[in-house]
Amino acid sequence: MSNDVSMNTSLQEKVDHLIDEQVVNWPMAKPNYEGLKQVKIRSLEFGPATEMRVQFNPARIRSSAAKVDAKSIQERKCFLCEDNLPQEQKKVPFRDDYLILVNPFPIFPRHLTIPHVRHTDQRIKGRLSDMMMLARELPEFVVFYNGPRCGASAPDHFHFQAGNKGFMPIEKEFRFHPRKSLLIDHKGVRVFCVENYLRKTLVFEGEQPDEIECWFNRVYRFLDTIQRNGEEPMLNILCSWENGTWRLIVFPRQGHRPRQFFAEGEEKIVLSPASVDFGGVLITPREEDFNKLNTDLVKDIFDQVTLNKHDWELVKKIFQE
């Protein structure tokens with residue numbers, strides 16, 4: 001029997017059906033989604049409209065502590081290749097290029113992983129339009145991308161993820177943030193930045209996906225010239241669609257994991273910031289880290305991984321040219 005879900009309905013409806021079925025009938029996913037009801041959450045405030053929620057989620061240890069060095073990747077089977085998926089894991093195709101899967105180790109109450117059908121490296125270049133089309137066809141979700149050194153636990157297989165809207169503080173904060181400033185309003189695209197927000201943040205809004213992609217590519221090329229890491233510039237991306245308008249939130253970075261991740265003893269904190277963390281929900285798979293995190297530690301961690309101030313000023317100048 002095929003494990004495809006096929007109905008003559010919208011993609012959003014197919015995905016809703018997929019989630020409802022998998023969280024009940026897939027033994028790997030069911031206890032982890034039930035466990036989300038018991039996760040501990042607490043809030044840290046960093047001034048006006050800047051909240052970080054800390055989530056104790058032990059099921060996420062697999063992703064937070066994933067070994068992403070070349071040797072480890074070479075020695076394991078790719079868990080996103082279709083031939084290696086569990087038999088019980090069903091899928092919804094998106095066009096001919098992607099499979100939409102329920103993530104069995106969720107952060108969100110409705111959490112998806114969306115791998116490409118081919119085993120190809122995690123690189124966003126040339127695929128931003130795919131991300132925006134996914135967001136349009138899944139209007140109840142935020143689609144997100146973790147770069148190969150920015151939280152992706154499978155940097156060898158291209159994929160997006162998606163989670164239900166309303167989960168990350170940044171979704172609401174951005175709308176009314178007092179430190180939001182407009183960098184450009186051109187051909188139906190508005191680009192904003194948010195200052196003193198723990199992480200460097202660019203927000204692209206508009207109704208023309210080609211124009212959004214054009215401006216994103218300018219930022220991408222600039223970051224590539226200053227980082228020259230041989231892969232792609234370090235960044236995380238959130239993408240959503242609402243009332244005919246796309247919103248693309250881009251977090252340029254300079255580091256993968258903070259020094260606390262590699263520390264020993266009391267100083268160790270298993271926190272590997274990715275898109276959801278940058279969106280305002282810090283995922284801690286160990287309870288001691290959940291209890292330990294405070295405003296000073298969080299500021300220090302984001303200082304290490306977000307773009308430095310000098311390069312951030314150069315990025316903003318792109319929109320003055």
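**Figure 1. Helices and strands of the predicted protein chain.** In this predicted model, the chain folds into 12 helices and 13 strands. Its radius of gyration is 19 Å, close to the 20 Å that the globule rule gives for 321 residues, so the chain is as compact as a globular protein of that length. If you like to think in box dimensions, the C-alpha trace spans about 55 × 50 × 40 Å along its principal axes.

**Figure 2. Inside the fold.** Look past the outer layer here: 55% of the 321 residues count as buried. Contacts also link distant parts of the sequence. Among those between residues at least 6 apart, 67% join residues at least 24 apart.

**Figure 3. The surface and its charges.** The accessible surface of the protein chain comes to about 14,400 Å², and carbon and sulfur atoms account for 48% of that area. The chain carries 45 positive and 46 negative charges. The mean positions of these two sets lie 2 Å apart.

**Figure 4. Cys78 and Cys81, a pair without a disulfide.** Why is there no bond between these two cysteines? The sulfur of Cys78 has its closest cysteine sulfur in Cys81, at 3.7 Å, which is too far for a bond; a disulfide would need the two sulfur atoms within 2.5 Å. Turn to Cys81 and its closest cysteine sulfur is the one in Cys78. The structure as a whole holds 0 disulfides. Both side chains are worth a look for their surroundings, too. Cys78 counts as buried, at 7% relative accessibility, and Cys81 is also classed as buried, at 18%.

How values were computed
Residues numbered from 1 in each chain as written. Predicted model: local features only at pLDDT ≥ 70, side-chain atom pairs only at ≥ 80, totals over all residues. Heavy atoms only, no water. Buried < 20%, exposed > 50% of the residue type's maximum accessible area, 1.4 Å probe, protein only. Helix = DSSP H or I, 4+ residues; strand = E, 2+ residues; numbered from the N terminus. Rg over C-alpha atoms; globule rule 2.2 N^0.38 Å. Contact = heavy atoms within 4.5 Å. Areas by Shrake-Rupley, 256 points an atom, 1.4 Å probe, with all protein chains shown as cover. Lys, Arg positive; Asp, Glu negative; His and termini not counted. Charge placed at Lys NZ, Arg CZ, Asp CG, Glu CD.
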